[in-house]
Amino acid sequence: MQAAHQTTAALTAASTGDAAGAMRAVVHRRYGTPDVLELGETERPVPGDEDVLVHVHAAAVTIGDHHMVTGKPYLVRLSPYGGLPGPRNKVPGGALAGRVHAVGAKVTGFRAGDEVFGQAMAGAFAEYAVVPAAALVLKPHNLSMEEAATVPWAATALQGLREAGQVTAGQRVLINGASGGVGTWAVQIARALGAEVTAVCSARNAELVRSLGAAEVIDYAKEDFVGGGARFDVMLDLVGNRALSDCLRVLNPKGVYVACGGGGGDWLGPLPRFAGMGLRSLFSSQRLRTFFSDPKQKELLFLKELVEAGKARPVIERSWALSEIAEALRHVGEGHSRGQSVVRVAG
Ligand SMILES: NC(=O)c1ccc[n+]([C@@H]2O[C@H](COP(=O)([O-])OP(=O)(O)OC[C@H]3O[C@@H](n4cnc5c(N)ncnc54)[C@H](OP(=O)(O)O)[C@@H]3O)[C@@H](O)[C@H]2O)c1
């Protein structure tokens, strides 16, 4: 994948036919609380041969962005998205929607002016961002730019349920953390796959997840999803707050436990849990899976069709101005999002 912020010197503007210049951007020079972010100017990135330069209208603000800005768990600093000693990508943000501004020499299927949504490796909190063409799709016709920017985050729910969990029609699916950014999509996608959903969330979000298709709701403050006696075919765990043995206890003997993230400490995050799952799976008839979401056209197209068919919709808790990015990230970092947050970039 091309680095998100190549300088104009590294690539000639001639490859895009577009003269580069300065742009408004959220600049991330060091890890820390969201207050380390500065709203300033940086050089407009230049797309590589297989990339598209998008004029960003809106970008999702996710817990993943919070990890990258804070550099916690520390493990993220070793990932391709992180960097040592400071952030490799000077502009954060990944999921976005906007208009195609220019395309790389080898890109077919997009042209200037197309309304698109997709997943940049970084750089979405800026006027222009480079997105690999392979991670970009035409915007669903029935969504606004702000709504469309939330859709790439749904790929996590899709990959967790369909690929890792192998959910099929008629199965019973338990979603722990059903009211957040991934969870609100997961409830709808599991329903679209024909499953019956039990959602774990707080009482204030019970009506919301029911409206998204959950048949049963467990209020985690009052009820214990482990003690209820119900058995599920698949559990999608978006919180990671319970012992692995507890989670396996709510599954059928051939059930699938899918760990998405959450839990763990400041250093390794969910990694020790994932390692424990590997060990446990050697001795269990149940399947234990984790995955790393990497949305590409295949997933984005599926989601676009789902949304256009009216089978799923974004849940936007709040739309923020780009200048409010620190506040938006602080809110998301508290871990009690109700759906997703977005920042408005253009306009
Ligand atoms: N594997 C991957 O590639 C991948 C990709 C994306 C995300 N993730 C991970 O997936 C997890 C979820 O992401 P997200 O975007 O959905 O996070 P989020 O938007 O912050 O949502 C968290 C949700 O969890 C709920 N919650 C908090 N404590 C809970 C509890 N004890 N029981 C049940 N629900 C609880 C919160 O609801 P209340 O307000 O009601 O508490 C909130 O709605 C994160 O850990 C993230 O890092 C992994």
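**Domains**

I started with how the chain divides in this predicted model. I found two parts: domain 1 covers 13–143 + 314–344, and domain 2 covers 153–290. I then looked up how far apart they sit, and their centres, taken over C-alpha atoms, are separated by 28 Å.

Next I checked who takes part in the contact between them. Domain 1 contributes 13 residues and domain 2 contributes 13 residues. On the domain 1 side of that contact I noted seven nonpolar, four polar and two charged residues.

**Ligand**

Which residues come nearest to the ligand? From the 29 residues around it, I wrote down Gly180, Gly181, Ser202, Gly261 and His336. Three elements give two or more residues to this shell: α1 (63–70), α3 (181–192) and β9 (196–201). The biggest giver is α3, with three residues.

I also sorted the shell by class, which gave 18 polar, ten nonpolar and one charged residues. Both domains take part here: at least three shell residues come from domain 1 (13–143 + 314–344), and at least three from domain 2 (153–290).

**The six-stranded sheet**

I followed the strand order in the open sheet and got β10-β9-β8-β11-β12-β13, with parallel pairing. Which strands stand at the edges? They are β10 (216–219) and β13 (287–290); each has a single partner strand, so one side of each is left without a neighbour in the sheet. I looked up the turn between neighbouring strands too, and on average it is 15 degrees, direction ignored.

I took a closer look at the β13 edge. Its pairing with β12 (residues 251–259) is parallel and runs over four bridges. One bridge to remember puts alanine 259 with threonine 290 of β13. On the same stretch I found helix α6 (residues 271–281), which packs on the sheet and touches β12 and β13. The direction of α6 makes about 150 degrees with that of β13.

Then I went back to α3, the helix that gives three residues to the ligand shell. I see α3 lying across β8 (172–176), β9 and β11 (232–237). Its angle to β8 is about 175 degrees.

**Strand β5 and its partners**

I asked myself why β5 (residues 115–119) counts as largely enclosed by the rest of the structure. The reason is that four of its five residues are buried.

On to its partners. Strand β4 (residues 95–103) runs antiparallel to β5, and five bridges join the two. Within this pair I located glycine 98 opposite valine 116 in β5. Strand β7 (residues 136–138) also pairs with β5 in the antiparallel sense, over three bridges. Here I noted glycine 118 with leucine 136 of β7 as its bridge partner.

**Glycine 32**

My last lookup was a loop residue. Glycine 32 sits in the loop between β1 (22–27) and β2 (38–43). How many C-beta neighbours does glycine 32 have inside 10 Å? I found 13, and glycine 32 therefore counts as partly exposed; the exposed class would need 12 or fewer.

I also checked glycine 32 against valine 69, which is 37 residues away along the chain. Their C-alpha atoms are separated by 6.5 Å. That is a handy pair to pick out in the viewer.

How values were computed:
Residues numbered from 1 in each chain as written. Predicted model: local features only at pLDDT ≥ 70, side-chain atom pairs only at ≥ 80, totals over all residues. Near = placed C-beta within 6 Å. Nonpolar A, V, L, I, M, F, W, Y, C, P; charged D, E, K, R; others polar. Domains from an automatic or database assignment. Pairing = 2+ DSSP bridges. Axes fitted to C-alpha atoms, helices over the stretch in contact; angles between N-to-C directions. Contact = placed C-beta atoms within 7 Å. Buried ≥ 20, exposed ≤ 12 C-beta atoms within 10 Å, placed from the backbone.
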